[in-house]
Amino acid sequence: MTWSVSARGAHQPDNTAFTQQRLPAWQPLLSAGITLPLFFCAGLAFIGLGLGLFYSSNGIKELEYDYTGNPGTGNCSLCATEGQGRSPPPNCSCAWHFSLPELLPGPVYLYYELSNFYQNNRRYGVSRDDAQLSGLASALRHPANECAPYQLSATGLPIAPCGAIANSLFNDSFTLWYQRRPGERYVEVPLDRTAIAWWTDYHVKFRNPPLVNGSLKLAFSGTAPPPNWHRPVYELSPDPNNTGFINQDFVVWMRTAALPTFRKLYARIRQGNYSAGLPRGAYFVNITYNYPVRAFGGHKLIIFSNISWMGGKNPFLGIAYLVVGSLCILMGFVMLVVYIRYQDQDDDDNDDE
């Protein structure tokens, strides 16, 4: 078969250095003189960074208390026993008493932790309607099918917010009380509940529907709360800037965790006389026990923690850097021994010739 010159030229790339692969190139020759120093330098850098991260993590102070309420573990067991895996009775409360022998440096963060709770389950993770959560009026009346079986109430009303994530909203609450000296009365420590959600979540992803006659309640009329909720979404907080879909606790909960054991921020302690941290003295946390976890073998913890330049307490990152750095140093020595051995062999062969 004969091809014309014009037919061949139509399919040829341009005659440029880039298309014809004539650009100058550099290919490093990884000799022992280059590779070995790289391994040793990388290993030393990783070890140094790992030591800094590890000691920084160990310098973070934490106090934690498991208030799940297993039998014989404190007065929270009464609330858990009365619930027997179901929702505990209303207004059931318990307390955690502790003392600090010295200042717990601030800022102090208050977290709650749940274990054996798989927020990363696929069906659970997609059981939400982001259009509804963004305040879209049409989605408020017609929730997405992914929310089923928490899409419509028993009476046929659309659920707002719909889905399994919203239905399982964590609803325990905590107050902290401080006694400076024995015999003095306890005073309540102010908990800062503002700005605990991610900025992008609070300002971008979550929006309330347009007000009707200036009322958020009227905007949600014709909808029903999730089955496990005891009040509608527009009554989550008396603060008009912290209720509905933009409630800080709700926004924090809706950001699902990747692991079955996770922490979520509840409050910061940084106001008044506690800006420098929690002073020495006696404390107790009053816990309103609402959230059942024993039915799925879970645990609930309350945690006080400060932070460092690297964030919260997490020794894994420092250990990982130390392991990688040690492996780099070890591989460097192994390659150095192999290089010396075969270098001597080459020298002997050259002498024999």
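Two strands are taken to pair if DSSP finds at least two bridges between them. The structure described here is a predicted model, and this report treats its open sheet, its two largest pockets and a strand that contributes to both linings.

**The open sheet**

By the criterion above, β2 pairs with β9 (residues 281-288): eight bridges join the two strands, which run antiparallel. Within this pairing, Ser-99 lies opposite Ala-282 of β9. The two strands belong to an open sheet of four strands, ordered β2-β9-β5-β6, in which the pairing is antiparallel. Its edges are formed by β2 (93-100) and β6 (187-189), each of which pairs on one side only. From one strand to the next, the twist averages 30 degrees.

**The two largest pockets**

The following table sets out the volume and the lining of each pocket.

| Pocket | Volume | Lining residues | Nonpolar | Polar | Charged |
|---|---|---|---|---|---|
| Largest pocket | about 970 Å³ | 36 residues | 18 nonpolar | 14 polar | four charged |
| Second largest pocket | about 440 Å³ | 19 residues | twelve nonpolar | two polar | five charged |

In the largest pocket, with a volume of about 970 Å³, the lining residues closest to the centre are Leu-169, Phe-170, Asn-171, Asp-172 and Asn-290. The elements α7 (164-167), α10 (248-254) and β7 (262-269) each supply at least two residues of this lining. The largest share, four residues, comes from α10.

The second largest pocket has a volume of about 440 Å³. Of its lining residues, Tyr-111, Trp-198, Arg-263, Lys-264 and Leu-265 are the closest to the centre. Here β4 (108-115), α10 and β7 each supply at least two residues, and β7 provides the largest share, with five residues.

**Strand β7**

Strand β7 supplies at least two residues to the lining of the largest pocket and at least two to that of the second largest pocket. Residues count as buried when their relative accessible area is under 20%. Seven of the eight residues of β7 are buried, and the strand is therefore largely enclosed by the rest of the structure.

Strand β7 also pairs with β4 in the antiparallel sense, over seven bridges. In this pairing, Tyr-112 has Lys-264 of β7 as its bridge partner. Lys-264 is also among the residues closest to the centre of the second largest pocket, to whose lining β4 and β7 each supply at least two residues.

Definitions and conventions
Residues numbered from 1 in each chain as written. Predicted model: local features only at pLDDT ≥ 70, side-chain atom pairs only at ≥ 80, totals over all residues. Heavy atoms only, no water. Axes fitted to C-alpha atoms, helices over the stretch in contact; angles between N-to-C directions. 1 Å grid on protein atoms, 1.4 Å probe; cavity = no way out; pocket = protein on both sides within 12 Å on 5 of 7 lines; lining within 4 Å. Points joined across faces, edges and corners; volume = space filled by probe spheres on them. Nonpolar A, V, L, I, M, F, W, Y, C, P; charged D, E, K, R; others polar. Buried < 20%, exposed > 50% of the residue type's maximum accessible area, 1.4 Å probe, protein only.
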